[in-house]
Amino acid sequence: MAKNLKSFKFNKGIIGPRVNTFFKDNKMFLITFFGLYLLIFGISLFIVLNYDAQLSRTNYYDLLLQGEYSYFKVTLKYLLYNLLLCFCSMITYRKKFAFAIMYFVVTFLAYRLAVNIVGSWQCSLLVNVLNAALFYFAIYTVFVISIVLIVSYINTNYLYCNDRCPTTLKSILKFSLITFAATSVCIMVFTVILPLLLSKILF
């Protein structure tokens, strides 16, 4: 037992510095990706508000209130989106600067986020806020996190190395799968756990 505790402390001491180094080395990606995401979201929100009457998007918390929310269908839908984004991020390893394509993907996600929030703002204030903050904004932000983590990993360990690169496609795939698994858990929190809890507390 004591041995296991020592092993845990040792691993914890290794993981912490590695995480700090990872974020320090990829500060540029964190700032540019998330900065672009928030900027485009703000601009898109301002634009789509001018034709909000023409928009109609699903308000998932309204479906929850009406008893029509499908936990399995909604969760599967957003997990598949996350898988697609992780895959697209992973294959950017093939060409230098191919990761720049993911900036356009993040731009599209920010625009779609604004459209979804404005288009689903059709119910009571509480339902609208829950749907906007704890569903759309939360999940789309998780999508961006998936992209940034994978692109940062590739940039740090693969992009500029020579023929003796220690990071192979296998290790990139492994990191991408770990990222997908971790971010998918976050998505399930917002598509299953929170709706389930809030339906019992508020509705």
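Helix axes are taken here as lines fitted to C-alpha atoms over the stretch in contact, and angles between them run from 0 to 180 degrees between N-to-C directions. Helices (H or I, at least four residues) and strands (E, at least two) are DSSP runs, numbered from the N terminus. The structure is a predicted model, in which local features need pLDDT of at least 70 and side-chain atom pairs count only at pLDDT 80 or more, whereas totals for chains, interfaces and linings use all residues. Residues are numbered from 1 along each chain as its sequence is written, and side-chain values use heavy atoms, with hydrogens and water left out.

The chain contains 7 helices and 0 strands, and its elements run α-α-α-α-α-α-α from the N terminus on. Of its 203 residues, 39% are buried (under 20% relative accessible area with a 1.4 Å probe, protein chains only; exposed is over 50%, and partly exposed lies in between). About 12100 Å² of the chain is exposed, 69% of which is supplied by carbon and sulfur atoms; these areas come from the Shrake-Rupley method with a 1.4 Å probe. Contacts (heavy atoms within 4.5 Å) between residues at least 6 apart in sequence join residues at least 24 apart in 84% of cases.

Helix 4 (residues 71-90) and helix 5 (residues 101-119) have axes that come within 11 Å and cross at roughly 155 degrees. The two helices are therefore roughly antiparallel to each other; angles over 145 degrees are classed in this way, those under 35 as roughly parallel, those of 65 to 115 as roughly perpendicular and the rest as oblique. Helix 4 contributes Leu85, Cys88 and Ser89 to the contact, and helix 5 contributes Met102, Val105 and Leu109. These residues comprise 5 nonpolar, 1 polar and no charged, where Ala, Val, Leu, Ile, Met, Phe, Trp, Tyr, Cys and Pro count as nonpolar, Asp, Glu, Lys and Arg as charged, and the others, Gly among them, as polar.

A nonpolar core is a set of buried Ala, Val, Leu, Ile, Met, Phe, Trp, Tyr and Cys residues joined through side-chain atoms within 4.5 Å. The largest such core has 43 residues, and those with the most contacts inside it are Phe33, Tyr78, Phe135, Tyr136, Tyr140, Phe143 and Ile147. At least two residues of this core are supplied by each of helix 2 (27-48), helix 3 (60-66), helix 4, helix 5, helix 6 (125-157) and helix 7 (169-201). Helix 6 provides the largest share, 14 residues. Another core, of 9 residues, lies apart from the largest one and includes Phe22, Ile150, Tyr153 and Ile154.

Residues up to four places away in sequence being left aside, Phe143 touches Tyr78, Tyr81, Asn82, Leu85, Leu109 and Ile187. On the same basis, Ser152 touches Phe22, Asn26 and Phe29. Ser152 lies in helix 6 and counts as buried, at 1% relative accessibility.

Three residues of helix 4 were also examined. Tyr81, found in helix 4, counts as partly exposed at 39% relative accessibility; its C-alpha atom is separated by 10.0 Å from that of Tyr140, 59 residues apart along the chain. Leu83, which lies in helix 4, is partly exposed with a relative accessible area of 38%, and Leu83 and Ser146, 63 residues apart in sequence, are 9.2 Å apart in space, C-alpha to C-alpha. Phe87 likewise lies in helix 4 and is partly exposed, with a relative accessible area of 45%. Phe87 and Ser176 are 7.6 Å apart, C-alpha to C-alpha, across 89 residues of sequence.
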